[in-house]
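Visitor: I've got a bit of time before my next spin finishes. Could you walk me through this one?

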Amino acid sequence: MSLTPEQRYDLLIIGAGISGLSMAHYATGAGLNARVLEQEQRAGGCLDSHRFTDELDGFWLELGAHSAFNSYGHLLALLEAAQALDRLQPRAKVGFRLVVNGAVRSIPSQLSFSELLLAPFRLLRLKKTGCSVAAYFGRIVGRRNYATVFEPAFNAVICQPAGEFPADGLFRSRPRRKDIPRGFTLAGGLQTIAEVLADGLPVQFGQTVRDLRRVGDGFMVEADSGQYHTRSLCLATPVADAARLLQKDFPQLAATLAQIQTATVESVGVAVPKAQLRLPPVAGLIGRDQAFYSVVSRDTVPDPAWRGFTFHFRPGVLDESGKLDCIAQTLGLPRSALIHVATKINQLPALRVGHGEWAQKLDQMLAGTRLALTGNYFTGVAIEDCVSRSRIEWTRLQREGG
Ligand SMILES: Cc1cc2nc3c(=O)[nH]c(=O)nc-3n(C[C@H](O)[C@H](O)[C@H](O)COP(=O)(O)OP(=O)(O)OC[C@H]3O[C@@H](n4cnc5c(N)ncnc54)[C@H](O)[C@@H]3O)c2cc1C
C-alpha cells in the first residue's frame with residue numbers, strides 16, 4: 001500500500017492526554033513533522049472537566065485531575081510558551097474533612113496528637129526510597145494515626161489503596177514559582193490546559209490506534225482512518241494500552257509494561273443548587289471505610305448558584321443506584337435532588353516498591369529504538385510527572401537522531 005505524504009511523519013504520538021500533548025509541543029517546537037492520534041473527540045484524557053449545559057450555564061466540575069500547583073515547573077513553562085499564564089486562577093483556600101461512619105468530621109478530631117509528638121524525630125531517621133507508603137508514613141505518624149487519618153487521606157490522593165504504593169512516588173518536592181498561585185486552575189477547569197496546549201497542534205481526534213509494527217526505517221501504525229508511517233513513535237497512553245499495542249513487535253517491552261497493575265476508579269460528579277446544601281465549603285472529603293476514596297469539591301472555585309462534588313468510588317462496590325444513594329446520604333440531600341450527574345471510569349497505575357529499578361530496566365530496553373514511552377507510570381502519577389517524562393523522552397529521541 002502506498003502512503004501519501006500526509007501519512008508520513010517524523011514523530012507520531014498516540015494519545016492526547018497531558019503526556020502526549022507535552023511531547024507534541026517539544027517535537028513541533030523543534031520543527032518536527034509530528035501528529036497526535038487520539039481516540040476520543042477531545043484532548044485531555046484524565047484532565048476531564050465536565051461542563052454542564054442548560055440551566056447550569058457552563059458550571060463545570062472535575063471528573064479527573066483537579067489540582068495543579070506552582071511546583072509544576074515544566075507544565076508552567078509550556079503554558080507560558082502558549083501565552084496562557086494570565087489565564088491561571090488561584091484556588092480558594094478551603095480544607096478537607098473526613099467521612100467516618102457516614103458522618104463528616106474534622107481531621108484534627110480524628111488524630112492522636114500524643115502519637116504525633118515524636119513524628120519530626122522519626123522523620124529524620126527514615127529514608128523514603130525502598131519503603132511502601134504504609135511502612136514509611138505508618139512509622140512516622142504512628143500506627144493509629146496512620147489507620148484513622150493518613151491511610152484514608154493517601155488513598156484519597158491517589159484514588160486507590162495506597163499502602164503498597166512506593167513512598168517516594170507519592171509526594172515529590174519541587175521548586176515553586178513564586179509568581180504563580182500555589183494551587184491553580186483555569187476557567188472551565190483543568191481540561192482547559194489540554195485545550196490550550198492542543199490549540200495549534202496537529203491532533204487528529206476519533207482515531208483509535210489498533211496496531212503497530214516495526215518496519216525497516218521506522219514504524220507503521222494502523223488507526224481508524226488508515227495507516228501511517230513514522231520515523232519515531234511515542235506511546236502516550238495508559239500503561240495497559242501501551243502493553244497491548246507493543247505485544248506483537250516488542251514482546252519483552254510489553255511483558256515488562258504488563259507488570260504494572262491498573263487501579264480503576266468509578267467517578268460520579270453531581271451539581272447541586274447551593275441553597276440545598278448545609279455542608280460548609282470544603283476542598284474535598286476523605287472516605288474512611290467508605291465506598292468512595294474521596295470526594296473532590298468545586299468549592300475551590302466558588303460559583304454563586306451551584307456546588308459540585310465528584311465522588312471517586314472504589315470499583316465494584318456499588319451499582320449506579322447505590323452510588324447515588326451514597327452521594328445523597330453523604331451530602332445530606334434527598335436522592336431526588338441528584339438531577340445533574342456525570343460519570344466516568346478513571347484508570348491509574350498501581351505503582352509498587354522497586355518501581356525505580358523497573359523504570360531503569362524499561363529505559364535500557366528503549367535505548368536506541370526510536371520508540372518513546374511517556375505517561376503517568378514512571379516517576380509518579382501527577383500531571384508534572386507526565387510532562388517531565390515527556391521531556392526526558394523527547395531529549396532521548398533527539399540525542400538518538402529522532
Ligand atoms: C481521578 C483522578 C484525579 C487526579 N488528580 C490529580 C491532581 O489533582 N493533580 C495531578 O497532578 N494529577 C492528578 N491525577 C493524575 C493525572 O491527571 C494523570 O496521571 C495524567 O493526567 C495522565 O496523563 P496521560 O497523558 O499520561 O494519560 P491520560 O490522561 O490517560 O491520556 C491518555 C490518552 O491516550 C488516549 N488513548 C489511549 N489508547 C489509545 C489508542 N489506542 N489510540 C488513540 N488514543 C488512545 C486516551 O483516550 C487518552 O486521551 C489524577 C488522576 C485521576 C484519574
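Guide: Sure, here are some questions and answers on the domains, the ligand shell and two helix pairs.

Visitor: Before we start, what kind of model is this?

Guide: Keep in mind that no experiment stands behind these coordinates. The model is predicted.

Visitor: Into which domains is the protein chain divided?

Guide: Two of the domains are pieced together from separate stretches: 5-45, 193-260 and 352-399 form domain 1, while 49-93 and 262-349 form domain 2. Residues 108-169 complete the list. The names, then, are domain 1, domain 2 and domain 3.

Visitor: How many Å separate the centres of domain 1 and domain 3?

Guide: The two domains do touch, with five residues of domain 1 and seven residues of domain 3 in the contact. On the domain 1 side, those residues are two nonpolar, two polar and one charged. Taken over C-alpha atoms, the centres are separated by 34 Å.

Visitor: Now the ligand. Which element gives the largest share of the shell around it?

Guide: The ligand is surrounded by 36 residues, with Gly15, Gly17, Gly45, Ala65 and Asn376 the closest. Elements giving two or more residues to that shell are α1 (18-29), β14 (261-273), β18 (340-350) and α12 (383-399). The largest share is three residues, and it comes from α1.

Visitor: How many charged residues does the shell around the ligand have?

Guide: Domain 1 and domain 2 each supply at least three residues to the shell. Sorted by class, the shell has 17 nonpolar and 16 polar residues, and the charged ones number three.

Visitor: Are α5 and α6 parallel, perpendicular or oblique to each other?

Guide: Helix α5 spans residues 133-141 and helix α6 spans residues 143-158; their axes are 9 Å apart and the packing angle is about 130°. In the contact, Val133, Phe137, Gly138 and Val141 of α5 meet α6 residues including Tyr146, Phe150 and Phe154. Six of the contact residues are nonpolar, two polar and one charged. An angle over 115 but not over 145 degrees counts as neither perpendicular nor antiparallel, so the two helices are oblique.

Visitor: And what about α2 and α12: is α2 roughly parallel or roughly perpendicular to α12?

Guide: His74, Leu75 and Leu78 of α2 meet Ile383, Glu384, Val387, Ser388 and Arg391 of α12. The axes come within 7 Å and cross at roughly 75°. Angles of 65 to 115 degrees count as roughly perpendicular, and therefore α2 and α12 are roughly perpendicular.

How values were computed:
Residues numbered from 1 in each chain as written. Predicted model: local features only at pLDDT ≥ 70, side-chain atom pairs only at ≥ 80, totals over all residues. Near = placed C-beta within 6 Å. Helix = DSSP H or I, 4+ residues; strand = E, 2+ residues; numbered from the N terminus. Nonpolar A, V, L, I, M, F, W, Y, C, P; charged D, E, K, R; others polar. Domains from an automatic or database assignment. Axes fitted to C-alpha atoms, helices over the stretch in contact; angles between N-to-C directions. Parallel < 35°, antiparallel > 145°, perpendicular 65-115°, else oblique.
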